[in-house]
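User: I should like a close look at one part of this structure, with the surroundings of the ligand included.

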Amino acid sequence: HQKDLQLLKGTKAVTKSGVEMEINANIGHPSDVEMVLENDADGIGLFRSEFLYMESDDFPTEEQQFEAYKTVLEGMKGKRVIIRTLDLGADKQVPYLNIPKEENPAMGYRAIRISLDRKELFVTQLRALVRASAFGKLAIMFPMITSVEQVKEIKELLNQVKADLKAEGVAFAPDFEIGIMIETPASVILSDLLAKEVDFFSVGTNDLTQYTLAVDRMNPQISSMYDPRHPAVLRMIQMAAENAKKAGIWIGICGESAGDTELTRFYVDIGINELSVTPGTVLELRRTVQQLD
Ligand code: PEP
Ligand code: MG
């Protein structure tokens, strides 16, 4: 079985009817790159940048972040690396952010809400990312989007960062993709409008399941209700896929259920272009896709 999977290295995930699926890996630390290459993923579909903030006692500097992103981009040797901006808050806390205790942290001060509130932190991360773009194929992704205005604000900040770096004579890639996580019901409902603003969508089924079903993903007492295969969740994904296709952008899935092989056929049928999973399941998913007719 394992030996059979090894034979799939160097092949593509294409169905018998010729539909190609990009299969990427999720990582949480630069040291994971080795596993990604070992499992022959097409690229990195989600690099969670939180580790930088969770591993240190204070905000990581632009230089520290730049080095980490550059290491991953160089390690992937030209394969695309999608780096997600800070997604702290809710289940991922760091003491130095001093977030007051919240009644509903999952619906509270987290992710892009922190970034757009504490702009100095966000700009530091954006500068590190844009600088790293000179060393590989970068794409930047933003978490927990709920409005078109947020995306417009992000794009303005990003343009300002690029203009500043240019003025400073710092090199960066002339154009790289930007995308958003589709992980709130609001982002799905607005996906026709959001698709006009970005290059790609990546569905975060972990949070999308939580928010669509109003089931806390961390609460063991209701874990039997936490169902990423729930028809309401699948319809959400389908709606986002239809709007992505209409706008001519690509759409992937990077939540846990990207690797649910019971859903692979559904994903192909609704036009999902990319799946990003833990490195160890890349080859198995590739085989599942190759066996679909
Ligand atoms: C998700 O919500 O599906 C996701 C990929 O992000 P995280 O699990 O980091 O919240
Ligand atoms: Mg999420």
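How many bridges join strand β5 to strand β6, and do the two run parallel or antiparallel?

Analyst: The model is predicted, and the description below rests on that footing. Strand β5, residues 177-182, is joined to strand β6, residues 200-203, by four bridges, and the two strands run parallel. Within this pairing, Ile182 stands opposite Val203 of β6. Strand β6 also pairs with strand β7, residues 250-253, again in the parallel sense and over four bridges. There, Ser202 has Gly252 of β7 as its bridge partner.

The surroundings of ligand 1 come next. The shell around ligand 1 consists of Leu46, Arg48, Asp87, Glu183, Gly204, Thr205, Asn206, Asp207, Cys254 and Gly255. Both β2 (44-48) and α10 (205-213) contribute at least two residues to this shell, and α10 provides the largest share, with three residues. By character, the shell comprises four charged, four polar and two nonpolar residues.

Beyond helix α10, the loop that leads to α11 (231-247) contains Tyr226. Tyr226 counts as partly exposed because it has 17 C-beta neighbours inside 10 Å, whereas 20 or more would make a residue buried and 12 or fewer exposed. Apart from neighbours within four places in sequence, Tyr226 is in contact with Thr209, Val215 and Arg217. Asn26 lies 200 residues from Tyr226 along the chain, and the C-alpha atoms of the two are separated by 22 Å.

Definitions and conventions: Residues are numbered from 1 along each chain as its sequence is written. Chains are lettered from A and ligands numbered from 1 in the order in which they are written. This is a predicted model: local features need pLDDT of at least 70, side-chain atom pairs count only at pLDDT 80 or more; totals for chains, interfaces and linings use all residues. Two strands pair if DSSP finds at least two bridges between them. A residue is near a molecule or strand if its C-beta atom, placed from the backbone, lies within 6 Å of it. Ala, Val, Leu, Ile, Met, Phe, Trp, Tyr, Cys and Pro count as nonpolar, Asp, Glu, Lys and Arg as charged, and the others, Gly among them, as polar. Two residues are in contact if their C-beta atoms, placed from the backbone, lie within 7 Å.
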